[in-house]
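Me: I'd like to go through this protein and ask why things are called what they're called. Could you set each value against its definition for me?

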Amino acid sequence: MKQTVRFLFVIMGFLIVTSSWAAFKDFDGKPHQLTEFTGKGKWTVVMFWASDCRVCNAEIGQYIQFHQDHKDKDASILGVSLDGQARLDAARDFIKRHAVPFPNLVGEPEDIANLYQTLTSNEWVGTPSFLVYSPQGKLLAAQAGAVPPELIEKFIQQNSKSANQGQ
């Protein structure tokens, strides 16, 4: 009996931790999960960023252009800020300063690192980092570090035929 109770507490703790990994908030405080944005018939590129990330600030324009070029066709971008609740104003300023038109969520850095590691089996390195989901919602690629949008486009093009066959 004692082992059963201990096992249940371990399982309950795991469920609480994993659900917090998957939960993000929008900038109005409403909770969301990645699954709400994936598997909608388009490729989904998840970009993890931070307001104080030099590379994120330097390259966000490329991802905005990618979003503009693809949003009505075959792909969308979801931004996820690692600024957490403590730096919510800095994340808002980043979005405003760069006029970021795609949806963005915010999460706690530790939760995002754990989620990335769970989803990819790779250690979290930092921002920017990317996940690419097929139109059916299957995670097909993960990359730590900046990725030129042309490589994302090439990956989507190369994998679109096989992703469509999986429908």
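Me: In what sense do S4 and S5 pair, and over how many bridges?

Reply: Parallel, over 3 bridges. Two strands count as a pair if DSSP finds at least two bridges between them, so S4 and S5 with their 3 bridges qualify. One spot to look at is Gly79, which stands opposite Asn104 in S5. Keep in mind that this is a predicted model: local features need pLDDT of at least 70, side-chain atom pairs count only at pLDDT 80 or more, and totals for chains, interfaces and linings use all residues. Residues are numbered from 1 along each chain as its sequence is written, and side-chain values use heavy atoms, leaving out hydrogens and water.

Me: What makes something a helix or a strand here, and how many of each does the protein have?

Reply: They're DSSP runs, numbered from the N terminus: helices are H or I with at least four residues, strands are E with at least two. On that basis the protein has 5 helices and 7 strands. Along the sequence the pattern reads α-β-β-β-α-β-α-β-α-β-β-α.

Me: How do you know which way the crossover from S4 through H3 to S5 turns?

Reply: Point the strands away from you and follow the path from the first strand over the helix to the second; if that path runs clockwise, the crossover is right-handed. The β-α-β crossover from S4 through H3 to S5 is right-handed. S3, H2 and S4 make a right-handed β-α-β unit too. S3 and S4 run parallel, joined by 7 bridges, and Thr44 stands opposite Ser76 in S4.

Me: Which residues of H3 are called buried, and why are they said to be on the same side?

Reply: In helix H3 (residues 88-98) they are Leu88, Ala91, Phe94 and Ile95. Buried means under 20% relative accessible area, exposed means over 50%, and partly exposed is in between (1.4 Å probe, protein chains only). These buried residues cover an arc of only 120° around the axis, which puts them on the same side of H3; the arc is taken from the directions from the helix axis to the C-beta atoms. On the other side of H3, Asp89, Lys96 and Arg97 are exposed. The cover over the buried residues includes strand S3 (43-49), helix H2 (54-70), strand S4 (75-81) and strand S5 (104-106). S4 is mostly covered itself, with 6 of its 7 residues buried.

Me: Why is Ala99 called exposed?

Reply: Its relative accessibility is 54%, and the cut-off is over 50%, so Ala99 counts as exposed. Ala99 sits in the loop between H3 and S5, and has a positive phi of about 50° although it is not a glycine.

Me: And what makes Ser121 exposed?

Reply: Same test: Ser121 has 66% relative accessibility, so it's over the 50% line and counts as exposed. Ser121 lies in the loop between H4 and S6. Its phi is positive as well, near 65°, in a residue other than glycine.

Me: Where is the cis peptide bond?

Reply: It joins Thr127 and Pro128, with omega about -10°. Pro128 lies in the loop between helix H4 (109-120) and strand S6 (129-133).

Me: What is the average pLDDT of the protein?

Reply: pLDDT is the predictor's confidence in each residue, from 0 to 100. The protein averages 88, and 83% of the residues score at least 70. Over residues 4-21, though, the pLDDT is below 50.

Conventions: Contact = heavy atoms within 4.5 Å.
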